[in-house]
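The following paragraphs lead the reader through a predicted model. Please keep the sequence and the structure in view while reading.

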Amino acid sequence: QAQLVESGGGLVQPGGSLRLSCAASGSIFGVKAMGWYRQAPGQQRELVAGITPVGRTNYADSVKGRFTISRDNAKKTVYLQMNSLKFEDTAVYYCNAELLAKETIQWVNAWGQGTQVTVAS
């Protein structure tokens with residue numbers, strides 16, 4: 001079954017850095033757009049950054065200049081390098097991707113399980 005597996009969250013001080021990874025695995029033929037979302041307590045899930053298969057990127061205004069999204073198409077993996085982290089970046093971060101499932105030969109929108117990022121001094 002197609003799935004996304006995340007890693008890399010944790011606790012970091014303000015100004016610090018973290019790198020998140022998300023790998024697509026299972027019965028899939030391919031991956032289209034990939035991205036990262038986050039959800040803080042009591043708030044709606046919001047887009048942090050997205051990347052197309054050819055590397056075109058977009059970012060939320062709040063993370064521009066601090067976060068960098070990238071992908072390795074051969075590994076079916078997307079990364080989020082987070083620098084200059086702020087208290088307000090604290091949230092659960094979710095990976096999202098469009099996967100072509102082998103069983104159905106249809107594109108499915110998949111979510112990772114979420115990884116906690118906590119920025120605290």
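In this predicted model, strands β4 and β5 form a hairpin in which 6 residues lie between the two strands. Within the turn, Gly-42 has a positive phi of about 80°. β4 spans residues 28-39 and β5 spans residues 46-51; the two pair in the antiparallel sense over 5 bridges. Along this pairing, Gly-35 of the hairpin stands opposite Gly-50 in β5.

β5 also takes part in a second hairpin, formed with β6, and here 5 residues separate the strands. Gly-55, in the turn, has a positive phi of about 95°. β6 covers residues 57-59 and runs antiparallel to β5, to which 3 bridges join it. One bridge partner to locate is Thr-57 in β6, which is matched with Ile-51.

Further along the chain, β9 (residues 91-101) and β10 (residues 106-111) pair in the antiparallel sense over 6 bridges. Their hairpin has 4 residues between the strands, and Ile-105 takes a positive phi near 50°. Glu-98 has Asn-109 in β10 as its bridge partner.

The interior can be considered next. The largest nonpolar core has 31 residues, and those with the most contacts inside it are Trp-36, Leu-80, Met-82, Tyr-93 and Leu-99. At least two residues of this core come from each of β3, β4, β5, β7, β8, β9 and β11. β9 supplies the largest share, 5 residues. Leu-99 touches, among others, Ala-2, Leu-4, Ala-24, Ile-28, Val-31, Trp-107 and Val-108, not counting residues up to four places away in sequence.

How values were computed:
Residues numbered from 1 in each chain as written. Predicted model: local features only at pLDDT ≥ 70, side-chain atom pairs only at ≥ 80, totals over all residues. Heavy atoms only, no water. Pairing = 2+ DSSP bridges. Core = buried A, V, L, I, M, F, W, Y, C linked by side-chain atoms within 4.5 Å. Buried < 20%, exposed > 50% of the residue type's maximum accessible area, 1.4 Å probe, protein only. Contact = heavy atoms within 4.5 Å.
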